[in-house]
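Open your viewer and have the selection tool ready. We will go stop by stop.

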Amino acid sequence: MGKQPNLYAFSDISTLARTLRTYVIECQNAGFERHGLFKVAVSGGSLPSTLAKALLEPGHGGSEDAVDFAKWEIFFADERAVPLDHADSNYKLLKNELLDKIPKPMGQPNVHPINVELLDDVQEMADQYQDALMQSFAAKDSVKLPIFDLLLLGCGPDGHTCSLFPNHELLRESDAWVAPIEDSPKPPAKRITLSLPVVTHGTKIAFVATGAGKKDIMKQIFDTEEGRSLPCGLVNEGGAEKVSWFTDNGAVEGVGFPRRGSL
């Protein structure tokens, strides 16, 4: 059996957020050491609000507990083909929950939203978003895949992550960095998403999954053979020990997979 993902469970969201803060700052500082920046991909759902709880709290003042947003480069792990002020926009969600609340001294990150002029052509939108990745990570012909310092992801009740859905043909996409989807089983139907190889190629991959509503899918992902073929299970498989799950006790009630005690 190969190396396995790390599963952490906390008594409440506040405790989870404190540990997530430590983890993200460790990833940030490693990114700064590697290339002077922190390159992150972020998804939507409840993640941005948990991220805000983790990152906007004042730290204890040491450099190892400082968030320096001015050196962050944020991409979206997936995005819906809607205007940036639309209720379904992951950009709007991140803006409302985190970006607009960042105090000036912490700096402002470089954020890459979709091009809203391409809402009617998601293939072109995906191509253009891939171009933005290439500009940041080097030309596609010189690197096979971009290497994010950290991908921050959620887990849907069906085991989807990003806009990679169970049994969808996009799970087999191996060439594109960013792929369009026009038949998302969850509305809105038109989206773009990072491909599975890009997700599993990250230096670190973190899932945040909270609430008792997640316990059935978590049990499936971690304890069953079928769960390994769900998108979240495929990330576990491909990312192995690079993957960490930050959950509360409600989300992992009845899950047999062993928890880790600390980072």
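The tour visits two sheets and the helices beside them.

**Before you start.** This is a predicted model, in which local features need pLDDT of at least 70, side-chain atom pairs count only at pLDDT 80 or more, and totals for chains, interfaces and linings use all residues. Residues are numbered from 1 along each chain as its sequence is written, and side-chain values use heavy atoms, leaving out hydrogens and water. Helices (H or I, at least four residues) and strands (E, at least two) are DSSP runs, numbered from the N terminus.

**Stop 1: the sheet of seven strands.** Select strands 1, 10, 9, 6, 2, 3 and 5, in that order. They form an open sheet with parallel pairing. Two strands pair if DSSP finds at least two bridges between them. At the edges are strand 1 (6-10) and strand 5 (110-111), and each pairs on one side only.

Now pick strand 2 (residues 38-42) and strand 6 (residues 150-153). They run parallel, joined by three bridges. Which residue in strand 6 is the bridge partner of Ala41? Leu151 is.

**Stop 2: helices on this sheet.** Show helix 3 (residues 90-97). Helix 3 packs on the sheet and touches strand 2, strand 3 (72-76) and strand 5. Contact means heavy atoms within 4.5 Å. The direction of helix 3 makes about 140° with that of strand 3. Axes are lines fitted to C-alpha atoms, for helices over the stretch in contact, and angles run from 0 to 180 degrees between N-to-C directions.

Next, select helix 4 (residues 122-137). Helix 4 lies across strand 2 and strand 3, at about 155° to strand 3.

**Stop 3: two helices together.** Add helix 2 (residues 47-55) beside helix 3. Their axes are 9 Å apart, at an angle of about 25°. Helix 2 and helix 3 are therefore roughly parallel (an angle under 35 degrees). Show the side chains where they meet: Pro48, Ser49 and Ala52 in helix 2, and Leu93, Leu94 and Glu97 in helix 3.

**Stop 4: the sheet of three strands.** Select strands 4, 8 and 7, which form an open sheet in that order, with antiparallel pairing. The edge strands are strand 4 (78-80) and strand 7 (178-181). Neighbouring strands here are turned by 15° against each other on average, direction ignored.

Zoom in on strand 4 and strand 8 (residues 191-194), which three bridges join. Asp78 stands opposite Thr193 in strand 8.

**Last stop.** Return to helix 4. Helix 4 also lies across strand 7 and strand 8, running at about 165° to strand 7.

Conventions:
Parallel < 35°, antiparallel > 145°, perpendicular 65-115°, else oblique.
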